[in-house]
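Work through the exercises below with the sequence and the coordinates open. Try each task before reading its solution.

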There are 2 protein chains.
Amino acid sequence: MIAEIIAVGSEMLTPHRQDTNSLYLTDGLNDLGVQVAFKTIVGDNLSHLTSAASIAIARADIVVFSGGLGPTEDDLTREAVAAALNLTLRSDPAILTQLYKRFAARQMVMPPNNAKQSDVLDGATVLDNPTGSAPGQFLDITVLDASGQPIRKIVILLPGPPRELKPLFDTEVKPRLAAALPPRHLAKRLLRMALIPESHVDARTAPIYQQYPDVETTILAGSGEIQLHFLCAKPTLAEAQQRVDELTEKIEAEMEDSIFSSHGESLEEVVLLNLGLRDLTLATAESCTGGLLAQRLTAIAGSSRYFLGGAVVYSDALKTTFAGVPSELVATKGPVSPEVARALAEGIRTRTGASLGISITCIAGPGPGAPGPDAEKPIGLVYIALASAQNTQVKELNLRGDREMIRWWASQNALELIRHHIL
Amino acid sequence: MIAEIIAVGSEMLTPHRQDTNSLYLTDGLNDLGVQVAFKTIVGDNLSHLTSAASIAIARADIVVFSGGLGPTEDDLTREAVAAALNLTLRSDPAILTQLYKRFAARQMVMPPNNAKQSDVLDGATVLDNPTGSAPGQFLDITVLDASGQPIRKIVILLPGPPRELKPLFDTEVKPRLAAALPPRHLAKRLLRMALIPESHVDARTAPIYQQYPDVETTILAGSGEIQLHFLCAKPTLAEAQQRVDELTEKIEAEMEDSIFSSHGESLEEVVLLNLGLRDLTLATAESCTGGLLAQRLTAIAGSSRYFLGGAVVYSDALKTTFAGVPSELVATKGPVSPEVARALAEGIRTRTGASLGISITCIAGPGPGAPGPDAEKPIGLVYIALASAQNTQVKELNLRGDREMIRWWASQNALELIRHHIL
């Protein structure tokens with residue numbers, strides 16, 4: 001069974017907006033064993049949309065439309081599908097009543113045009129949409145293929161706003177599709193690693209995962225992280241889970257503590273979790289990353305138990321004010337130096353009373369380091385220091401990329417340094 | 001003239017990866033007066049790809065393929081287009097020599113499969129690709145339409161990696177398309193506003209921009225910002241520019257200082273620019289945003305001239321340590337209170353010696369405020385204070401949304417508060 005997803009809306013044919021619903025829909029369809037073979041993006045144009053609908057219904061078993069169910073003249077998905085399948089649209093009295101009620105509840109008169117939202121394709125099941133005015137539609141029909149043979153097609157119409165589409169797809173569409181498709185039980189696992197080249201991960205893990213042809217392995221790399229996604233479908237969940245767990249165990253044995261997460265948690269979550277397990281607290285002193293590390297940690301709910309805060313020591317003077325770094329040290333070694341990184345980490349630890357103090361100082365570019373000792377240092381030079389009650393370690397990095405990448409990778413390295421220290 | 005963009009690659013039919021090249025290509029095509037009417041995403045499957053190519057060539061005047069030009073068996077764009085147009089592929093000796101040279105330069109033997117990258121569609125112009133091994137192809141041909149009439153079609157093959165596709169499109173494709181299309185001169189402007197509902201912007205600006213039907217107006221809203229894009233094409237650039245500038249001027253007069261940027265600069269850039277113009281410096285004391293505001297400012301190169309840094313006063317104790325907030329004040333009023341916000345802004349200003357001190361404290365959720373005075377305060381309650389030598393202003397907000405949204409909007413409000421203060 002193959003599917004096509006059609007995203008409807010002229011705004012997605014501009015340079016400014018992109019279809020993202022299809023990623024969510026694809027994930028759900030894959031869970032049911034359905035591969036997406038085509039995605040089409042088409043504007044609010046009846047002839048374009050009708051032709052796209054005809055093509056999709058001819059080449060895919062399942063066609064999912066997102067968008068074009070609103071009340072305006074530009075909302076044409078219902079009309080296009082009716083034209084493509086030569087079906088009539090009839091106004092559903094129950095939906096129409098609901099529409100009038102929605103407006104009445106806001107003490108407004110419904111514009112006549114909105115009545116089209118009650119139009120239902122002949123034979124379609126109406127999918128109740130609690131979060132919006134446009135219901136979805138689910139059509140399970142038999143059509144004749146090019147050679148005149150009867151063939152089953154499932155056509156699904158969903159509203160475009162993601163907060164309406166997602167719950168509607170999960171609660172109304174997935175159970176109906178599952179009932180229409182062969183039973184299937186899926187197990188999934190996600191391993192995450194940081195700061196390791198994709199080619200190394202693949203070289204070390206391919207000999208393992210290739211022994212599991214029944215587990216679909218996907219390696220994704222980006223933003224200083226590698227993800228290994230495993231997916232297995234079996235007649236029973238226990239069988240599927242057993243295969244995925246067995247493979248994951250072998251990969252974990254091979255990659256050891258390069259793996260920061262074996263059930264999909266983010267690096268920030270894992271660092272906070274490990275701090276919590278050992279009852280440790282953390283404080284940050286950031287120069288070039290300017291709060292990025294603290295921001296990443298505090299994005300996690302509950303971080304306040306283990307993350308105290310810290311300082312953004314962007315100017316030289318604040319390195320002294322907030323972390324007690326001697327100003328002569330900054331002047332002689334330069335703000336981007338192992339000595340200043342060390343003093344920052346130790347200073348922020350002392351000032352905040354945290355168990356661990358971490359500092360980041362770097363030349364993020366695009367301009368060179370400040371006049372003085374840093375003037376000749378290369379863009380991408382980073383020092384990260386981690387101070388504990390026992391000792392302070394300083395790490396030097398030479399990163400490549402633009403300002404954004406250097407800052408991100410510096411924060412990623414800092415998180416990994418904390419994680420490895422705690423382990 | 002309408003265009004279709006076909007993104008080729010099975011990875012873009014998974015839940016994990018998305019076509020983004022089409023946004024860049026659309027921008028460039030729009031500049032040339034070409035609208036994109038369809039986008040198709042298709043996997044590395046010869047029959048799917050050939051059928052998608054046939055459909056696109058039938059319904060669009062210009063078809064741009066991205067991807068599928070690599071050396072592997074999965075790279076099938078050349079073959080599919082040849083099949084769709086019934087053209088032969090011939091190996092180009094010059095490209096083949098180049099391919100051998102690339103491998104020789106790395107002291108490697110070229111695998112036989114790579115030779116397919118020299119295959120060129122009969123009649124196509126080869127587009128030299130300095131950043132990769134796969135050249136592009138540009139085909140300007142006449143085909144017969146469904147009714148047997150001759151019709152001109154332009155078919156363009158581009159490599160998938162964005163760092164190869166973008167320069168190739170700009171330097172090799174755009175000039176060729178411009179020569180094939182009617183001359184056109186474009187003027188563009190971008191106005192940006194923050195913290196104002198889209199409906200208000202539209203209600204106030206529509207009566208103005210509707211008087212300029214020759215200027216294409218696009219309103220985009222998201223992340224606490226509204227963008228107004230204006231685009232005008234005329235026989236001369238001066239005419240186009242004059243129309244766009246005249247419209248922008250009227251919109252600026254209507255929206256006044258709601259507009260933070262009249263040439264596309266970001267809010268962070270505008271705040272830093274305004275600090276610079278008045279020779280002011282800034283420091284931050286962030287509680288719930290945990291460094292997000294500082295991180296946004298320091299993401300801008302050159303920010304160190306006007307942004308000194310600050311403190312992430314996540315724990316109550318650090319509010320005292322770094323900003324001198326009396327601990328009794330935190331205990332009695334709660335960390336999320338106008339009094340603590342004021343003390344934080346004034347304290348950080350004094351400690352850092354900055355001209356302006358700004359603080360943010362809020363209940364970001366998903367959990368409730370800390371036990372004590374904050375326990376009953378609602379999620380989304382935010383206090384922002386801005387302290388200058390003259391006075392301190394405190395702003396209360398009640399934001400809706402999840403933790404990420406509340407933090408983002410709080411930082412957005414803080415930037416706007418600084419901007420308005422400086423104005």
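**Exercise 1. Two residues with positive phi**

Classify B:Q107 as buried or exposed, then describe its backbone and its place in the chain.

Solution. Start with accessibility. B:Q107 is exposed, with a relative accessible area of 76%. The cut-offs are under 20% for buried, over 50% for exposed and partly exposed in between, with a 1.4 Å probe and protein chains only. Next, the backbone. Phi of B:Q107 is near 55 degrees, which is positive in a residue other than glycine. Last, the place. B:Q107 sits in the loop between α4 (93-105) and β5 (119-121) of chain B. Helices (H or I, at least four residues) and strands (E, at least two) are DSSP runs, numbered from the N terminus.

Now repeat the steps for B:D279. This residue is not a glycine, yet its phi is positive, at about 55 degrees. B:D279 belongs to the loop between α8 (267-277) and β13 (282-286) of chain B. B:D279 is exposed, with a relative accessible area of 66%.

A note on the source: this is a predicted model, in which local features need pLDDT of at least 70 and side-chain atom pairs count only at pLDDT 80 or more, while totals for chains, interfaces and linings use all residues. Residues are numbered from 1 along each chain as its sequence is written, chains are lettered from A and ligands numbered from 1 in the order in which they are written, and side-chain values use heavy atoms, with hydrogens and water left out.

**Exercise 2. Cis peptide bonds**

Find the cis peptide bond that ends at A:P366, and the one that ends at B:P366.

Solution. In chain A, the bond from A:G365 to A:P366 is cis, with omega near 0 degrees. A:P366 lies in the loop between β15 (356-362) and β16 (381-387) of chain A. In chain B, a cis bond joins B:G365 and B:P366, with omega about 5 degrees. B:P366 is in the loop between β15 (356-362) and β16 (381-387) of chain B.

**Exercise 3. Helix α2(A) against α3(A)**

Determine how α2(A) and α3(A) pack, and which residues meet.

Solution. Take the geometry first. Helix α2 (residues 46-59) and helix α3 (residues 77-85) of chain A pack at about 55 degrees, with their axes 8 Å apart. That angle makes α2(A) oblique to α3(A). Axes are lines fitted to C-alpha atoms, for helices over the stretch in contact, and angles run from 0 to 180 degrees between N-to-C directions. Under 35 degrees counts as roughly parallel, over 145 as roughly antiparallel, 65 to 115 as roughly perpendicular and the rest as oblique. The crossing is right-handed; that is, the near helix is turned clockwise from the far one by less than a right angle, and left-handed means anticlockwise.

Then the contact (heavy atoms within 4.5 Å). On the α2(A) side are A:L46, A:L49, A:T50, A:A53, A:S54 and A:I57; on the α3(A) side are A:T77, A:E79, A:A80, A:A83, A:A84 and A:L85. By class, the contact of α2(A) with α3(A) has eight nonpolar, three polar and one charged residues. Nonpolar covers Ala, Val, Leu, Ile, Met, Phe, Trp, Tyr, Cys and Pro; charged covers Asp, Glu, Lys and Arg; the others, Gly among them, are polar.

Finish with α3(A) itself. Its buried residues are A:T77, A:R78, A:A80, A:V81, A:A82 and A:L85. Just after α3(A), A:N86 takes a positive phi of about 55 degrees.

**Exercise 4. The same helix across chains**

How do α2(A) and α2(B) run relative to each other?

Solution. The axes of α2(A) and helix α2 (residues 46-59) of chain B come within 13 Å and cross at roughly 165 degrees. The two helices are therefore roughly antiparallel. Their crossing is right-handed. A:S51, A:I55 and A:R59 meet B:S51, B:I55 and B:R59. These contact residues divide into two nonpolar, two polar and two charged.

**Exercise 5. Around A:L280**

Locate A:L280 and list the residues it touches.

Solution. A:L280 is in the loop between α8 (267-277) and β13 (282-286) of chain A. Leaving out residues up to four places away in sequence, A:L280 touches A:L275, A:Y306, A:S355, A:L356 and A:I422. A:L280 and A:L356 are 76 residues apart in sequence, but 7.3 Å apart in space, C-alpha to C-alpha.
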